[in-house]
Amino acid sequence: MSAVMQKVRQKQQKQRKQKQQKQRKQKQQKQRKQQPQEQIQQKKQRNWNQVIFVGLVIAALLCRIVGKVSPRYLFWGILRTLIYIGLYIGWGISIHKRVVQKAAKNTLIFISGLMIFWFIVRSIKYFFAMDVNVERYLWYSYYLPMLFIPQAAVQTAVLLGQPEEYILPKWLKLLYVPTTLCFLLVLSNDFHQCVFSFAAGEVWTDKGYSYAWGYYTVLLWEVVCAVAAFALMVYKCRLSQRKKYLPVIGIGISILYAIIYASGAEWMQVIGGDITAALCLMFVCIFESCIYCGLIQTNTGYEELFEVCTMGAQITDRNYCVRYTSANAMELSEAVMREAEKGGVVVDKKTLIQNRPIQGGHILWQEDIEYIIMLLERMEENRKTIEESNCLEQENYQTKAKINMLREKNRLYDKLQTQTAGQIGLLNELLSRYETEEDLVKSRRLLAKISVSCLS
């Protein structure tokens, strides 16, 4: 009987699973046809962000062009600087929101801060500094971002594609030592002129100088870091699942720009004469391409992942309005959701609804307890069977106890009869003689013998 019931349950369970799969497919098709409004808004927001970024870059280029022909050069120059600083502040904020891996996020924010520092120092030098010595040290300060951005790029390249808990090896942190020494060498140039040498009797400015061995040392270290970052990015981009080569294209364009700029081409001086702005924009484009290729893990794509997950779950706001739902999640009423907040709620006799508060709302998920219920039913059947078996065993035990007691009584009776058979025979003989004896003296003697025999 139990085997037949088990087969029936298995058949019912199979039918339920097929029905659930069919409903899941129908729901997925419906959700694909009717894309949630929030996802559309988010895509629009991303597109708007890209449009705003490109628009601000174009506005900055126009400010540069207008500033060259306008008498209000200072106004247009400061406006262009503020646009670029705002861009990199916004990029740093977006990196903080998007990037998952903490180490990569901190490194990219550090690069964003170096770009902002570069623009601030550059603007102070060209628009506000009045002293030649101050201008010279501001010029030396350019090499802080120029040295540390390639070094940070190497660190970021090592972090690409690594898990969130990945920790940089200690040997990689040693790269800060030569980078710091190179920067100190530039900063202390006035004492030794090993980086930039100035002619005797002339004012020391960036308009008249020659390169010394220290400059080529600093340049060589920048090239080594850039090439190392380039090689790592190319290698890891080749291993990317999406097989995109945008980072390689971006790095190639930046190298080509640096070569053309260094050659002194006049057309490049007109179009991209501001090397600070050009290189910073290229750095941003390279890292954004790494994010697009999936080399840098970001907080994007979670809605699609949540939608296709096998666990039936829903995310609601504080008023229990569903914001996100997986494909196989069942529709729940607000009453069931609120009741699940106090404890698990069983629906349709095989599904348990759990509710937990999260920031800004609640998450509800369903647990299939059909197998657990089936086990509990089996345990109940086994309990009843064992209980019936125990009752039969108890009755058998009591019957056996009674039989053994009667057997023991019979044994004792037989033993008593065997032991007293002779004495009883003697009493019967004496009583017969006593009844037939007419002599009074002999009767008393017989009566005395009977008494003695009873006592013995």
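Which helix gives the largest share of the nonpolar patch? Hold on to that one for a moment, everybody, while I say what we are looking at. This is a predicted model, where local features need pLDDT of at least 70 and side-chain atom pairs count only at pLDDT 80 or more, while totals for chains, interfaces and linings use all residues. Residues are numbered from 1 along each chain as its sequence is written, and side-chain values use heavy atoms, with hydrogens and water left out.

Now, back to the patch. The largest share, four residues, comes from helix α10, which covers residues 213–238. Helices here are DSSP runs of H or I with at least four residues, strands are runs of E with at least two, and both are numbered from the N terminus. The patch itself is made by Y209, Y211, Y216, L219, V223 and V227, and its area is about 540 Å². To join a patch, a residue needs over 30% relative accessible area and no salt bridge; nonpolar side chains (Val, Leu, Ile, Met, Phe, Trp, Tyr) are joined within 5 Å, and like charges within 9 Å. The areas come from the Shrake-Rupley method with a 1.4 Å probe, and for residues only the protein chains shown count as cover.

One member of the patch, Y216, lies in helix α10. Its relative accessible area is 48%, so Y216 is partly exposed. That term sits between buried, under 20%, and exposed, over 50%, again with a 1.4 Å probe and protein chains only.

Let's step back to the whole chain. There are 17 helices and seven strands. Of the 456 residues, 34% count as buried. The accessible surface comes to about 29800 Å², and carbon and sulfur atoms hold 61% of that. What about contacts, meaning heavy atoms within 4.5 Å? Among those between residues at least 6 apart in sequence, 58% join residues at least 24 apart.

Next, the rings. How many aromatic pairs does a search of the whole structure find? It finds 13. Rings of Phe, Tyr and Trp (its six-membered ring) pair if their centres lie within 6.5 Å; planes under 30 degrees apart are stacked, over 60 edge-to-face, and the rest tilted. Take Y140 and F196: their ring centres are 6.2 Å apart and their planes meet at 5 degrees, so this pair is stacked. The two come from distant parts of the chain, 56 residues apart, with Y140 in helix α5 and F196 in strand β1 (residues 196–197). Y140 is buried at 0% relative accessible area, and F196 is buried too, at 0%. Ring pairs also link Y140 and F196 with Y137, W139, Y143, Y215 and Y216 into a cluster. So our patch residue Y216 turns up again, as part of this cluster.

Helix α5, residues 132–141, also holds S141. Is S141 buried or exposed? S141 is buried, because its relative accessible area is 15%. The S141 side chain reaches the backbone oxygen of Y137 at 2.8 Å. Leaving out residues up to four places away in sequence, S141 touches F117, V121 and F183.

For another buried residue, look at Q151 in helix α6, residues 143–159. Q151 has a relative accessible area of 1%. Beyond its neighbours within four places in sequence, Q151 is in contact with L175, Y176, T179 and C225.

Last topic: charges. Side chains of opposite charge can pair when their charged atoms come close. A search of the whole structure finds five salt bridges, each being a side-chain nitrogen of Lys or Arg within 4 Å of a carboxyl oxygen of Asp or Glu. One of them joins R98 and E288, at 2.6 Å from N to O. This pair spans 190 residues, from R98 in helix α3 (residues 73–98) to E288 in helix α13 (residues 275–293). R98 is partly exposed at 21%, and E288 is partly exposed at 25%.

Now find helix α16, residues 370–436, where R383 and E380 are three residues apart, so about one helical turn separates them. R383 forms a salt bridge with E380, with the closest N and O atoms 2.7 Å apart. R383 also meets E387 in a salt bridge, at 3.2 Å from N to O. E387 and R383 are four residues apart in helix α16, which means about one helical turn again. Together, E380, R383 and E387 are linked in a network of salt bridges. Thanks for listening!

Methods
Polar contact = N/O pair within 3.5 Å; in protein donor to acceptor, adjacent residues only side chain to side chain. Contact = heavy atoms within 4.5 Å.
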